[in-house]
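Here is a friendly walk through one protein chain, from its inner packing to a few unusual backbone spots. Have a look at the model first, and then read on.

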Amino acid sequence: MNDTVNRQILLVEKPTGKLGPEHFKLSKAAIPEPRDGEALLKVRYISLDAANRAWMHGATYRAAVEANTVMAGGSIAEVVSSKAPGLAAGDIVFGDTGWQDYAAVPAKHLSKMPKMEPMTHLLSVYGIAGLTAYFGLLDIGKPKAGETVVVSAAAGSVGSIVGQIAKIKGCRVVGIAGGKDKCDWLVNDLGFDAAVDYKDGAVFKALRAAAPKGIDVYFDNVGGDILEACIALMNNRGRIACCGAISQYDGVPSAHGPRGVPGLIVVKRLIMQGFIVMDYMEQRDQALKDLQSWVASGKLKVREDVINGLENTPKALIGLLAGENRGKRMVKV
């Protein structure tokens, strides 16, 4: 270990509106010493997710991020030294290290990962993004061949994988994304059957044209007005997998919630279920086996958006919330 300083990105103020660079600062601290049961980690790649922004609002499935603390975030890291059985120097792990060069983390909160190249796949297709797509679509959506599957934030880390898995299962797939370039990429590169540009306006009309037989499965990453439009187009006994609500995280949320709730859910006998991928970790081996098989065969394409430099992490998250990325965005530390 050649470094003598631990660079950290602190959240200095919780934003009340849009997240900006002024809400963060780069700080320096001593490299921590691991205690019994902990491992000292060198962070390699930090995962950037819309959930990072949600954690600033308050407690979710994890504690809220407080002002003047290291910004929370998961990462792929290498064990530098260990005071915990089962972990040794050189091991690769996934854990909530926060945005910093080094972290001392209890071994019980770490997942040992296989060594592979590219290592970035451990954060994208074989990490939280890929597993979220896999379990949310297959366990909650339960798509059947010939059905129509719609996914929002379709050019993002989860949505781009959801759409491809739905195609593998024989479905007609419609993606919702922001901008013509993203929509063209979904159709021409990832094999979606159609794509709707929500920035064009008239989402309902465009969705109805793209899904003339209605929607059987909707994978929701955004909530808000797009969820409302999809509910209105759902077929009887359709399934909605609620993964996230990006439209509500940054800035002022919509003045009204999705209309048609619960009325259309009752009339159409819809199943609408939220989920957290951590609930499925006991089934991870089978999921990884399937994902690896699809990647190896070329049925599932992996797109990663890697930003270099810890100091660029705030800007990279702000850009993700603005829809800059295609596929999984992460920071190489």
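## A tour of the chain

P262 is found in the loop between α7 (246–249) and α8 (263–267). The bond that leads into this proline is a good place to begin: V261 and P262 are joined by a cis peptide bond, with omega at about 5°. Keep in mind throughout that this is a predicted model.

A second cis peptide bond joins E117 and P118, where omega is about -5°. P118 sits in the loop between β8 (111–113) and α2. Most peptide bonds are trans, and most residues other than glycine have a negative phi.

That brings us to the phi angles. N68 is not a glycine, yet its phi is positive, at about 65°. A202, likewise a residue other than glycine, has a positive phi near 55°. K142, which follows α2, also has a positive phi, near 45°. Are N68 and A202 buried or exposed? N68 is exposed, with a relative accessible area of 56%, and A202 is exposed as well, at 55%.

The table gathers several loop residues with their places and relative accessible areas.

| Residue | Loop between | Relative accessible area |
|---|---|---|
| N68 | α1 (51–54) and β4 (69–70) | 56%, exposed |
| A202 | β11 (194–197) and α5 (203–210) | 55%, exposed |
| G201 | β11 and α5 | 32%, partly exposed |
| D91 | β5 (74–82) and β6 (92–96) | 13%, buried |
| T120 | β8 and α2 | 8%, buried |

**The fold as a whole**

Stepping back, the chain has 10 helices and 16 strands. Its radius of gyration is 20 Å, close to the 20 Å that the globule rule gives for 333 residues, so the chain is as compact as a globular protein of that length. The C-alpha trace spans about 60 × 45 × 35 Å along its principal axes.

Buried residues account for 53% of the 333 residues. Of the contacts with a separation of 6 or more, 68% are between residues 24 or more positions apart. On the outside, the chain exposes about 14900 Å², and carbon and sulfur atoms supply 51% of that area. There are 40 positive and 34 negative charges, and their mean positions are 4 Å apart.

**Inside the cores**

Which residues touch the most other members of the largest nonpolar core? They are L137, L186, F219 and L291, in a core of 37 residues. At least two residues of this core come from each of α2 (128–141), β9 (148–152), α3 (159–168), β10 (172–177), α4 (180–188), β12 (215–220) and α9 (284–297). With 7 residues, α2 gives the most to this core. Another core, of 24 residues, lies apart from it and includes L19, A51, M56 and M71.

Helix α2 deserves a closer look. Of its 14 residues, 11 are buried, so α2 is largely enclosed by the rest of the structure. The buried ones are A129, G130, L131, T132, A133, Y134, F135, G136, L137, I140 and G141.

F219 shows how this helix meets other parts of the chain. Leaving aside neighbours within four places in sequence, F219 is in contact with T132, A133, G136, L137, V150, V151, S152, V158, V162, A241, C243 and F275.

**Loop residues and their partners**

Two buried residues from the table are worth tracing on screen. T120 touches Y45, E304, V306 and M330, not counting residues up to four places away in sequence. With the neighbours within four places in sequence again left aside, D91 is in contact with A77, E78, V79, G86, K112 and K115. How far apart are the C-alpha atoms of D91 and K115? The separation is 8.0 Å, for two residues that are 24 residues apart along the chain.

G201 offers another distance to check: G201 and V149 are 52 residues apart in sequence, and their C-alpha atoms are 21 Å apart in space.

Notes:
Residues are numbered from 1 along each chain as its sequence is written. This is a predicted model: local features need pLDDT of at least 70, side-chain atom pairs count only at pLDDT 80 or more; totals for chains, interfaces and linings use all residues. Side-chain values use heavy atoms; hydrogens and water are left out. Helices (H or I, at least four residues) and strands (E, at least two) are DSSP runs, numbered from the N terminus. The radius of gyration is taken over C-alpha atoms; the globule rule is 2.2 Å times the number of residues to the power 0.38. Buried means under 20% relative accessible area, exposed over 50%, partly exposed in between (1.4 Å probe, protein chains only). Contact means heavy atoms within 4.5 Å. Accessible areas come from the Shrake-Rupley method with a 1.4 Å probe; for residues, only the protein chains shown count as cover. Lys and Arg count as positive and Asp and Glu as negative; His and the chain ends are not counted. The place of a charge is taken as NZ of Lys, CZ of Arg, CG of Asp or CD of Glu. A nonpolar core is a set of buried Ala, Val, Leu, Ile, Met, Phe, Trp, Tyr and Cys residues joined through side-chain atoms within 4.5 Å.
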